[in-house]
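Trainee: Could you walk me through this structure, one question at a time?

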Amino acid sequence: MGYRVAVVGATGNVGREMLNILAERQFPTDEVVALASRRSLGTEVSYGDTTLKCKDLDTFDFTDWDMALFAVGSEATKKYAPSAAKAGCVVIDNSSLYRYDPDIPLIVPEVNPEAIHGYAKKNIIANPNCSTAQMVVALKPLHDRATIKRVVVSTYQSVSGAGKEGIDELWDQTKSIYNPTDDKPPRKFTKQIAFNVIPHIDVFMEDGSTKEEWKMVAETKKIVDPKIKVTATCVRVPVFVGHSEAVNIEFEDHLDEDEARDILREAPGIMVIDKREDGGYVSPVECVGDFATFISRIRQDSTIDNGLNLWCVSDNLRKGAALNAVQIAELLGREVLKKG
């Protein structure tokens with residue numbers, strides 16, 4: 001006996017990846033439906049060896065469906081998620097709409113699986129921001145051992161985090177650089193993204209930080225520990241898929257780099273590739289299509305007491321979005337619904 005699962009936003013990058021991962025991980029389903037806006041009605045999407053035709057989200061009845069994985073923006077989520085939840089379908093939402101609601105659990109299954117039981121208050125579970133998800137997978141086992149005081153993180157985020165428009169803009173601009181008659185000015189991004197980096201993701205806030213940076217702070221506190229101090233600088237880079245992060249961590253207690261390496265090797269969801277030689281680390285190109293969060297460049301920070309540096313890389317469409325949502329669905333099934 002399996003689950004009836006709806007994937008909302010099935011024609012987008014994350015929605016398609018959700019369908020791929022449900023099939024890859026052999027999630028126990030009796031029925032899967034692909035939902036999208038009316039303009040995508042009938043569009044075909046892949047689910048394992050089968051093809052699904054998208055149905056109209058606007059007229060869909062969520063009654064008797066077990067779970068809905070939402071991969072649409074906050075406005076569409078605000079319109080459709082409450083009605084799905086009210087119909088008894090558990091919503092697992094990838095947008096930022098519900099992440100900071102105290103009555104809605106924000107979950108990374110390797111980090112705070114116990115939070116799953118809080119879903120019943122509103123029948124909704126939030127998926128964290130892509131840059132936060134991969135970082136907290138690395139932080140949690142280290143925090144359990146030596147208690148993290150402060151994190152300083154700089155991100156190198158791929159254009160797929162901005163959706164298909166971001167991917168298209170990098171592709172088109174890169175080609176146009178070599179063709180002087182083919183000018184491709186910025187549309188999705190605020191400046192040229194080809195052969196450039198942009199220290200600006202999401203909107204600016206009053207204190208000078210961007211919303212993306214604020215998300216990393218607020219979500220790390222909610223998922224791991226509210227006492228951890230976090231400061232972030234988020235940067236868009238000309239990479240198609242895969243977010244990278246340079247993370248500096250200050251602990252309450254001393255943690256030797258060798259012990260940290262051993263802890264991370266044993267931690268769920270992490271793959272340590274850390275050789276002090278040419279190529280002995282992971283770059284974003286190498287992580288594409290993989291489920292793991294890769295950790296490299298683990299080393300002591302001698303400028304502070306109890307400090308470590310590390311490099312963290314993950315496929316943002318997977319662990320940063322679709323994979324984490326499917327893992328939440330697996331956790332929900334295993335701990336609560338118990339059908340599969």
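Mentor: We will go through the sheets, the cores, the aromatic rings and a few single residues; keep in mind that the model is predicted.

Trainee: Start with the parallel sheet. In which order do its strands lie?

Mentor: This open sheet has six strands, and the pairing is parallel. Strand 5 (55-56) and strand 8 are the edge strands, since each pairs on one side only. Read across from strand 5, the order is 5-2-1-6-7-8.

Trainee: How many bridges join strand 1 to strand 2?

Mentor: Strand 1 covers residues 3-8 and strand 2 covers residues 29-36. Within this pair, A6 stands opposite V33. The two strands run parallel, and the number of bridges is six.

Trainee: Which helix lies across strand 1, strand 2 and strand 6?

Mentor: Look for a helix running at about 155° to strand 1. Its residues are 13-24, and strand 6 is 67-70. That is helix 1.

Trainee: Now the mixed sheet. Which are its edge strands?

Mentor: Six strands form this open sheet, in the order 10-9-11-14-13-12. Neighbouring strands are turned by 25° against each other on average, direction ignored. An edge strand pairs on one side only, and that picks out strand 10 (229-236) and strand 12.

Trainee: Which helix packs on that sheet, touching strand 9, strand 10 and strand 11?

Mentor: Strand 9 is 148-157 and strand 11 is 243-251. The helix direction makes about 145° with that of strand 10. Its residues are 211-223, and it is helix 5.

Trainee: Does strand 13 run parallel or antiparallel to strand 14?

Mentor: Strand 13 has two partners to compare. With strand 12 (residues 270-272), strand 13 (residues 293-301) pairs in the parallel sense over three bridges, and I270 stands opposite T293 there. On the other pairing, I295 stands opposite C312 in strand 14. Seven bridges join strand 13 to strand 14 (residues 307-314), and the direction is antiparallel.

Trainee: Which residue in the hairpin of strand 13 and strand 14 takes a positive phi?

Mentor: The hairpin has five residues between the strands. The phi in question is near 60°. The residue is N306.

Trainee: Is S314 buried or exposed?

Mentor: S314 has its place in strand 14. Leaving aside neighbours within four places in sequence, S314 is in contact with Q134, G242, H243, C287, A292, T293 and K319. Its relative accessibility is 0%, so S314 counts as buried.

Trainee: What about N129: buried or exposed?

Mentor: N129 lies in the loop between strand 8 (124-126) and helix 3 (130-146). Beyond its neighbours within four places in sequence, N129 is in contact with R99, E212, K215, E219 and G320. With a relative accessible area of 6%, N129 is buried.

Trainee: And A87, how does its accessibility count?

Mentor: A87 lies in the loop between helix 2 (74-86) and strand 7 (90-93). Not counting residues up to four places away in sequence, A87 touches F62, T63 and D64. Its relative accessibility is 27%, so A87 counts as partly exposed.

Trainee: What separates the C-alpha atoms of A87 and N123?

Mentor: Along the chain, A87 and N123 are 36 residues apart. In space, their C-alpha atoms are separated by 9.5 Å.

Trainee: On to the interior. Which helix gives the largest share of the largest nonpolar core?

Mentor: That core has 57 residues, and those with the most contacts inside it are F62, F70, L142, V151 and L310. The contacts of L142 include I249, F251, L255 and L310. The largest share of the core is eight residues, and these come from helix 3.

Trainee: How many residues are in the second core?

Mentor: The second core is separate. Among its members are V7, A34, Y47 and I92. Its count is 37 residues.

Trainee: Which residues form the aromatic cluster?

Mentor: A search of the whole structure finds seven aromatic pairs. One cluster is made by F60, F62, W65 and F70.

Trainee: Which ring does the charged end of R4 sit over?

Mentor: A similar placement helps here: R25 lies over the face of F291, at 5.1 Å from the ring centre. For R4, the distance to the ring centre is 4.0 Å, and the ring belongs to W65.

Terms used. Residues are numbered from 1 along each chain as its sequence is written. This is a predicted model: local features need pLDDT of at least 70, side-chain atom pairs count only at pLDDT 80 or more; totals for chains, interfaces and linings use all residues. Side-chain values use heavy atoms; hydrogens and water are left out. Rings of Phe, Tyr and Trp (its six-membered ring) pair if their centres lie within 6.5 Å; planes under 30 degrees apart count as stacked, over 60 as edge-to-face and the rest as tilted. A charge sits over a ring if NZ of Lys or CZ of Arg is within 6 Å of the ring centre and within 35 degrees of the ring normal. Helices (H or I, at least four residues) and strands (E, at least two) are DSSP runs, numbered from the N terminus. Buried means under 20% relative accessible area, exposed over 50%, partly exposed in between (1.4 Å probe, protein chains only). Contact means heavy atoms within 4.5 Å. Two strands pair if DSSP finds at least two bridges between them. A nonpolar core is a set of buried Ala, Val, Leu, Ile, Met, Phe, Trp, Tyr and Cys residues joined through side-chain atoms within 4.5 Å. Axes are lines fitted to C-alpha atoms, for helices over the stretch in contact, and angles run from 0 to 180 degrees between N-to-C directions.
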